[in-house]
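Reader: I would like a close look at a single part of this model, together with enough of its surroundings to place it in the chain. Please choose a helix with its neighbouring loop, and explain each term as you go.

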Amino acid sequence: MPPSLSDRLTESILGIIRDGGLGPGDAIPSARELAKRFAITTPTVREALRKLEATGAVEFRHGSGTYVGPTINNVVLANPHRPPITKDSVLQLISARLVLEPAVAAQSAVARRPENLERLEAAVTNALIPPGGPAFALNFHVELAAASGNPLLQEVLASLLKVRVREQQQIRALYDNRERDHEEHQAIVEAVRAQDAAEAERLTREHLDNIRRAIESAPEWS
């Protein structure tokens with residue numbers, strides 16, 4: 001199926017942002033100006049802007065205008081029209097993480113800096129917070145990727161967890177032994193601290209395998 005006019009328009013608006021070198025917080029042309037530029041109706045432009053707003057690529061400020069949003073440079077953007085989560089979609093997230101995170105942990109053990117260890121220590125206690133509890137400022141797995149020294153790896157993992165946030169919430173609900181989760185995170189931190197790449201990779205893979213088995217043994221849901 002060919003893309004709709006609205007979908008083509010969202011790509012054109014993103015092109016204006018990128019070609020203009022605009023970044024988060026920069027103003028973009030109004031819906032009326034964009035409508036004139038593309039010779040289409042203003043409501044059609046607004047529909048495209050609402051789609052971009054849902055991904056965080058643009059944001060509306062009442063009485064001020066439309067601005068570039070915080071996710072504009074992300075390599076992965078959320079789909080605001082995703083279907084409900086399923087057991088299969090949660091397992092897909094775990095499978096993707098199993099491809100990425102063990103290798104990232106090994107790299108982090110080699111490249112980590114003192115400030116990375118501080119942030120990992122601050123994030124490791126998040127595992128003790130029950131599902132539905134207060135939001136935490138640092139995500140352990142994102143901080144583990146940050147310790148690799150490769151900003152793109154950090155962005156890919158952060159984007160993946162944000163795009164699949166509902167699946168990640170389901171994982172925390174099903175893998176509900178908070179003490180075990182905390183102990184597994186702490187062991188990974190100690191391997192990174194010791195700069196033991198093989199052990200950091202093994203422990204991260206084991207941690208994610210434990211989560212995968214917990215999801216597989218859970219009853220189906222719709």
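Author: Helices and strands are DSSP runs here, H or I over at least four residues for a helix and E over at least two for a strand, numbered from the N terminus. With that convention, A39 belongs to the loop between α2 (31-38) and α3 (42-55), and I shall come back to this residue after the part you asked for.

The model is predicted, so local features need pLDDT of at least 70 and side-chain atom pairs count only at pLDDT 80 or more, whereas totals for chains, interfaces and linings use all residues. Residues are numbered from 1 along each chain as its sequence is written, and side-chain values use heavy atoms, with hydrogens and water left out.

The chain as a whole comes before the close look. It contains 10 helices and two strands, arranged along the sequence as α-α-α-β-β-α-α-α-α-α-α-α, and its C-alpha trace spans about 60 × 40 × 35 Å along the principal axes. Of the 222 residues, 42% are buried, where buried means under 20% relative accessible area, exposed over 50% and partly exposed in between (1.4 Å probe, protein chains only). Among the contacts (heavy atoms within 4.5 Å) with a separation of 6 or more, 70% link residues 24 or more positions apart. The accessible surface of the chain comes to about 11800 Å², and carbon and sulfur atoms hold 54% of that surface.

The part I have chosen is helix α9, which covers residues 178-193 and includes R178. R178 counts as buried because its relative accessible area is 11%. The side chain of R178 makes a polar contact of 3.1 Å with that of D181; such a contact is a pair of N or O atoms within 3.5 Å, in which, within protein, one must be able to donate a hydrogen and the other to accept it, and residues adjacent in sequence count only if both atoms are side-chain atoms. Once neighbours within four places in sequence are set aside, R178 is in contact with A127, L128, I129, P130, P131 and R172.

E184 also lies in α9. Its relative accessibility is 14%, so E184 is classed as buried. With neighbours within four places again left aside, the contacts of E184 are Y175, H207 and N210.

Beyond the helix, Q195 sits in the loop between α9 and α10. Its phi is near 55 degrees, which is a positive value in a residue other than glycine, and at 43% relative accessibility Q195 falls in the partly exposed class. A200 then lies in helix α10 (residues 197-217), where a relative accessibility of 0% makes A200 buried. Setting aside neighbours within four places in sequence, A200 touches A105, A106, A109, A191 and V192. The C-alpha atoms of A200 and P102 are 7.3 Å apart, although 98 residues separate them along the chain.

For the surroundings, consider α7, which runs over residues 151-163 and whose 13 residues should span 18 Å at 1.5 Å a residue; its end C-alpha atoms are 18 Å apart, so the model agrees with that expectation. The expected span is 1.5 Å times one less than the number of residues. At the N-terminal end, N150 caps α7, with a side-chain oxygen 2.9 Å from the backbone nitrogen of L152. Within α7, the residues L157, S159, L160, L161 and V163 are buried, and the buried residues of this helix pack against α4 (87-111), α6 (140-146) and α8 (165-174).

A123, in helix α5 (residues 114-124), is buried as well, because its relative accessibility is 0%. Apart from neighbours within four places in sequence, A123 is in contact with L138, N139, F140 and E143. H141 is 18 residues from A123 along the chain, and the C-alpha atoms of the pair are 8.7 Å apart.

That leaves A39, in the loop between α2 and α3. Its phi is near 55 degrees, a positive value in a residue other than glycine. With a relative accessible area of 68%, A39 is exposed, whereas Q195, in the loop after α9, is partly exposed at 43%.

Terms used:
Accessible areas come from the Shrake-Rupley method with a 1.4 Å probe; for residues, only the protein chains shown count as cover.
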